[in-house]
Amino acid sequence: MESALNNISISKLKDMGFDGVVSYADDIILTDSIDHLDVFRDPCRVDGIVLFICLEGKVVCDINLKRHVLEPGDMIVSMNSNIIQVQNASCFKAMAILVTMDYLNRLRFDINSRLSIFMNVIKSQATVSLPPSEIEGFSMIFRLIIKAIVDNRPDCQDFISVMLQALCSYVVSAVQTFAPQSCGERKPQRTELIFEQFMQLLTKHHVKERNVGFYADLMGLSPNYLSQSVKTYSERSAAEWINEYTITEAKVLLRFSELSVQQVAEKLNFSSQSAFGKYFKQYVGTSPKTFRRESREG
């Protein structure tokens with residue numbers, strides 16, 4: 001088995017035939033009657049932006065191996081290609097929506113221009129607690145989108161586009177308003193744009209590329225300027241972001257796949273198992289084999 005990671009797309013979710021789920025083509029899927037999350041029990045990558053608001057009960061989930069606990073009123077946003085795993089979810093109600101990046105791009109809603117907002121939230125606590133009035137506002141837009149899809153009127157496509165853009169803007173505004181104050185702070189626009197572009201490229205290439213110069217070349221910047229800009233905006237260097245993404249990927253493969261340590265090293269583009277082991281131990285404090293054993297025993 002090459003990898004334990006499943007890629008979850010809207011088409012796959014539709015094929016599973018969940019009750020209480022409404023979908024529009026293979027671009028949007030919504031539900032407010034989730035009764036189980038078995039499909040997310042194993043670690044998976046989700047093809048799109050996931051928005052989840054807990055209404056009742058409690059959900060424990062991992063995003064990129066970081067534990068998050070959602071209680072009533074909590075909203076979480078998971079960006080495209082994040083690794084998601086639900087650890088515990090029972091007796092709960094929620095509203096959830098998954099939208100593909102392709103659809104958002106066709107709407108010309110540049111979610112990536114707001115990426116830094118979510119990255120700052122994820123760095124701190126990932127969840128945002130919303131007051132009942134905000135949840136009510138979100139619910140109104142949410143249900144209008146569902147109604148438009150179910151009614152399938154001639155103007156359905158245009159209406160859905162408008163409502164979805166309104167929903168995205170509403171969520172961004174809620175994050176800016178109700179996330180911890182440090183998450184909403186704005187930095188100089190130039191560094192913000194550089195950080196956003198760097199994170200997009202890192203999401204796409206981190207499995208194979210760990211050199212700051214690679215990303216700097218793609219962005220037409222010098223490595224020093226890229227590093228300084230990322231550090232100024234996020235308080236972490238470009239190299240630190242690269243290392244975090246690489247280590248997260250390595251931990252997932254070691255913990256959940258049947259790949260050997262040598263195969264993990266090859267998959268992550270290390271020159272040898274020894275080089276991978278040295279890199280892993282530097283940032284994790286233990287060897288890949290020890291991490292695999294302890295994580296599975298735990």
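User: What covers the buried residues of helix H8?

Analyst: The cover includes helix H7 (189-205), helix H9 (223-234) and helix H10 (238-256). Helices here are DSSP runs of H or I with at least four residues, and strands are runs of E with at least two, both numbered from the N terminus. This is a predicted model, in which local features need pLDDT of at least 70 and side-chain atom pairs count only at pLDDT 80 or more, while totals for chains, interfaces and linings use all residues. Residues are numbered from 1 along each chain as its sequence is written, and side-chain values use heavy atoms, with hydrogens and water left out.

User: Which residues of H8 are buried, and what places them on the same side?

Analyst: In H8 (residues 212-219), the buried residues are Val-212, Gly-213, Tyr-215, Ala-216 and Met-219. They cover an arc of only 160° around the axis, and therefore lie on the same side of H8. The arc is taken from the directions that run from the helix axis to the C-beta atoms.

User: What makes Asn-211 a cap of H8, and which residue follows the helix?

Analyst: A side-chain oxygen of Asn-211 lies 2.6 Å from the backbone nitrogen of Gly-213, at the N-terminal end of H8. A polar contact is a pair of N or O atoms within 3.5 Å, where one must be able to donate a hydrogen and the other to accept it within protein, and residues adjacent in sequence count only if both atoms are side-chain atoms. The distance of 2.6 Å satisfies that limit. After H8 comes Gly-220, which has a positive phi, near 70°.

User: Why is Gly-57 called partly exposed?

Analyst: Its relative accessible area is 32%. Buried means under 20% and exposed over 50%, with partly exposed in between (1.4 Å probe, protein chains only), so Gly-57 is partly exposed. Gly-57 lies in strand S5 (residues 49-63).

User: Which residues does Gly-57 contact, leaving aside its neighbours within four places in sequence?

Analyst: Gly-57 is in contact (heavy atoms within 4.5 Å) with Leu-70, Glu-71, Pro-72, Cys-91 and Phe-92. The C-alpha atoms of Gly-57 and Cys-91 are 5.6 Å apart, although 34 residues separate the two along the chain.

User: What makes Phe-52 and Phe-92 a tilted pair?

Analyst: Rings of Phe, Tyr and Trp (its six-membered ring) pair if their centres lie within 6.5 Å; planes under 30 degrees apart count as stacked, over 60 as edge-to-face and the rest as tilted. Phe-52 and Phe-92 have values of 6.4 Å and 40°, so they form a tilted pair. Phe-52 belongs to S5 and Phe-92 to strand S8, so the pair ties together parts that are 40 residues apart in sequence. Both rings belong to buried residues.

User: Why is the pair of Phe-280 and Phe-291 called edge-to-face?

Analyst: The centres are 5.5 Å apart and the planes meet at 65°, so the pair is edge-to-face. Phe-280 is in helix H12 (residues 273-284) and Phe-291 in helix H13 (residues 288-297), so parts 11 residues apart in sequence are tied together. Phe-280 and Phe-291 are both buried, and they belong to one aromatic cluster with Phe-270, Phe-276, Tyr-279 and Tyr-283.

User: How do you know where the charged end of Arg-210 sits?

Analyst: It sits over the ring of Tyr-279, 5.8 Å from the centre. A charge sits over a ring if NZ of Lys or CZ of Arg is within 6 Å of the ring centre and within 35 degrees of the ring normal. Arg-236 likewise lies over the face of Trp-241, at 4.3 Å from the ring centre.
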